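Morning, everyone. Today I want to walk you through one pocket and one ligand. Have a look at the model first.

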Amino acid sequence: MPEQDAFVRAYREADAEAIARLYRETVRTINARDYSAAQIAVWARPEQDGAWWRERMARYPAVFVAERLGEIAGFAETEDSGHVDCLYVHHRHQGVGIGSALLAAIETRARSRGIRRLFADVSLTAHPFFRAKGFTVLRKKASPHRGQRFELYEMEKHLEP
Ligand SMILES: CC(C)(COP(=O)(O)OP(=O)(O)OC[C@H]1O[C@@H](n2cnc3c(N)ncnc32)[C@H](O)[C@@H]1OP(=O)(O)O)[C@@H](O)C(=O)NCCC(=O)NCCS
C-alpha cells in the first residue's frame, strides 16, 4: 500500500452500507465507461442495499476491505476455490494502489492455504488491471444476466508456493 493512511482489513457487518454505496457509485461512474446504460442498470440495482450486501458477504469465507483517508475505498471477495469475485475500488480512490493491495491480500491468503490458482470473470474495465497483476485470459465470453449480455474475460493466475 503506497500511503500510510491506507490499509486493508477483514470485512465487518457494519461495512455493508458503505459497500452498497461504493459498489453503486463505482459501477455507475467507472464501469459505465465500458458498458451501456441498460447494462449498468442491471449491474447496480436499487435492491442491492446494505442488507443485500450483508447477506451476500455472509456466504464468502473471506472479504477484504480497504480504508483510505478515513473511508472505505474498496472491497474484494474471494473463495477457497481460488475464485476472485467482486473487486471494486471507489471512484475517488482509483489509481492509487487500492486494487493492488486488495489483490495482494487475496494472494497472501490463498498462498497460506495452499491455493495455487486464482481465477475471475473480469470486466472490460478491470481487464488491464488483472493483466498488469499477472492474470492471463482463458477466453472472452458474453455472459447473460437479467436480459443483458456482458462481455467479460475469464482470467487466471497460477501462484508460486
Ligand atoms: C480494476 C480496479 C479494481 C483497479 O483498482 P485500482 O485501485 O484503481 O488499481 P491500482 O491503483 O492498484 O492499479 C494497479 C495497476 O493496474 C493497472 N491498471 C489499473 N487500472 C487500469 C486501467 N484502467 N488501464 C490500464 N491499467 C490499469 C496499472 O498498471 C496499475 O499499475 P501502476 O501501479 O504501475 O500504475 C478498479 O479500476 C475498479 O474498481 N474498477 C471498476 C470495478 C470493476 O470492474 N471491478 C472488477 C469486476 S471484475
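Start with the largest pocket: 37 residues line it. Nearest its centre are W43, L87, Y88, D121 and S123. Keep in mind that this is a predicted model. The volume of this pocket is about 1,000 Å³.

Which elements supply at least two residues each to that lining? Here they are: α1 (16–29), α3 (50–57), β4, α4, β5, α5, β6 (136–145) and β7 (148–158). Strand β4 gives the largest share, six residues. Sorted by class, the lining has 20 nonpolar, 13 polar and four charged residues.

Now, the ligand. Where is it? The space it takes is the largest pocket. Its shell counts 22 residues. The closest are L87, Q94, G95, G99 and S100. Four elements each supply at least two residues of this shell: β4 (84–89), α4 (98–112), β5 (117–123) and α5 (127–132). And the classes? Eleven shell residues are nonpolar, nine are polar and two are charged.

Next, the polar contacts. How far is an oxygen atom of the ligand from an N or O atom in the side chain of Q94? The distance is 2.8 Å. For G95, the partner is a polar backbone atom, and a ligand oxygen is 2.8 Å from it. Then there is S123. An N or O atom of the S123 side chain is 2.8 Å from an oxygen of the ligand. How much of the ligand does the protein cover? On its own, the ligand has 920 Å² of accessible area, and the protein covers 68% of that.

One residue to take away: S123. It lies among those nearest the pocket centre, and its side chain makes one of the ligand contacts.

Technical notes. Residues numbered from 1 in each chain as written. Predicted model: local features only at pLDDT ≥ 70, side-chain atom pairs only at ≥ 80, totals over all residues. Heavy atoms only, no water. Near = heavy atom within 4 Å. Polar contact = N/O pair within 3.5 Å; in protein donor to acceptor, adjacent residues only side chain to side chain. Areas by Shrake-Rupley, 256 points an atom, 1.4 Å probe, with all protein chains shown as cover. 1 Å grid on protein atoms, 1.4 Å probe; cavity = no way out; pocket = protein on both sides within 12 Å on 5 of 7 lines; lining within 4 Å. Sits in = over half its atoms within 2 Å of the grid points. Nonpolar A, V, L, I, M, F, W, Y, C, P; charged D, E, K, R; others polar. Points joined across faces, edges and corners; volume = space filled by probe spheres on them.
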